[in-house]
Amino acid sequence: IRNNLFTFRRQIDEDTLRETTLQAGDDDSMQDLVVRLQEKAKQVLTFSTSDARAIKDGGKRVGFQLNQLKKSRFDKSEFGNMSAADVLMLTEERPVVIEVVTEDVIMDGETIEIF
């Protein structure tokens, strides 16, 4: 992979943006990159105590948003299963900017048929 840079960032509050840039290897999955992010740049994946508790309890989940793709958002399993090469093919802009976000999980509700 040429020019295989990914910038992961997380908006902590109005005044605080944490980010780091990683280079993907030829065979890396996005899960591989997030594991590397957890090892080398933990500040990007630091959550408030209440958010961390909600993520662990299932009330919130972590999402990955690709800003260069009209706010495309993926959940942890979708994102982790993507290869870095596949994500790089989605946009020509480098580095690929990935926002780490949290979102509420709908705990109860009604499923409807869309099609």
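Start with helix α1, residues 30-40, in this predicted model. Select its buried residues: M30, L33, V34 and L37. Then show what covers them, which includes β1, β2 (16-23), β3, α3, α4 and β5. M30, L33, V34 and L37 span an arc of only 100° around the axis, so they sit on the same side of α1. The spacing fits a general rule: an α-helix has 3.6 residues a turn, so residues three or four places apart point the same way.

Stay at the N-terminal end of α1 and add S29, which caps it. Draw the distance from a side-chain oxygen of S29 to the backbone nitrogen of Q31; it comes to 3.3 Å.

Next, select the largest nonpolar core, which has 23 residues. The members that touch the most others are F6, F8, M30, L33, F79 and I98. At least two core residues come from each of β1 (5-13), α1 (30-40), β3 (60-66), α4 (84-89) and β5 (96-104). Which element supplies the largest share of this core? It is α1, with 4 residues.

Now centre the view on F79. Its contacts, leaving aside neighbours within four places in sequence, are F8, M30, V34, F64, L66, F74 and I98. F79 has a relative accessible area of 1% and is buried.

From F79, pick out F64. How are the two rings of F64 and F79 arranged? They are stacked, with 4.2 Å from centre to centre and 10° between the planes. The count of aromatic pairs in the model is 1. F64 lies in strand β3 and F79 in helix α3 (residues 76-81), so colouring by element shows that the pair links distant parts of the chain, 15 residues apart. F64 is buried too, at 5% relative accessibility.

Move along to strand β3 as a whole. Is β3 mostly covered or mostly open? It is mostly covered, as 5 of its 7 residues are buried.

Add the strands that pair with β3. β3 and β5 run antiparallel and are joined by 7 bridges. Select L66 and look across to β5, where its bridge partner is I98. Both L66 and I98 are among the contacts of F79.

Then show strand β4 (residues 72-75), which also runs antiparallel to β3, with 4 bridges between them. Here F64 stands opposite F74. F64 and F74 are likewise among the contacts of F79, which makes that residue a convenient place to end the tour.

Definitions and conventions
Residues numbered from 1 in each chain as written. Predicted model: local features only at pLDDT ≥ 70, side-chain atom pairs only at ≥ 80, totals over all residues. Heavy atoms only, no water. Core = buried A, V, L, I, M, F, W, Y, C linked by side-chain atoms within 4.5 Å. Buried < 20%, exposed > 50% of the residue type's maximum accessible area, 1.4 Å probe, protein only. Contact = heavy atoms within 4.5 Å. Phe/Tyr/Trp six-rings, centres within 6.5 Å; stacked < 30°, edge-to-face > 60°. Pairing = 2+ DSSP bridges. Arc of directions from axis to C-beta. Polar contact = N/O pair within 3.5 Å; in protein donor to acceptor, adjacent residues only side chain to side chain.
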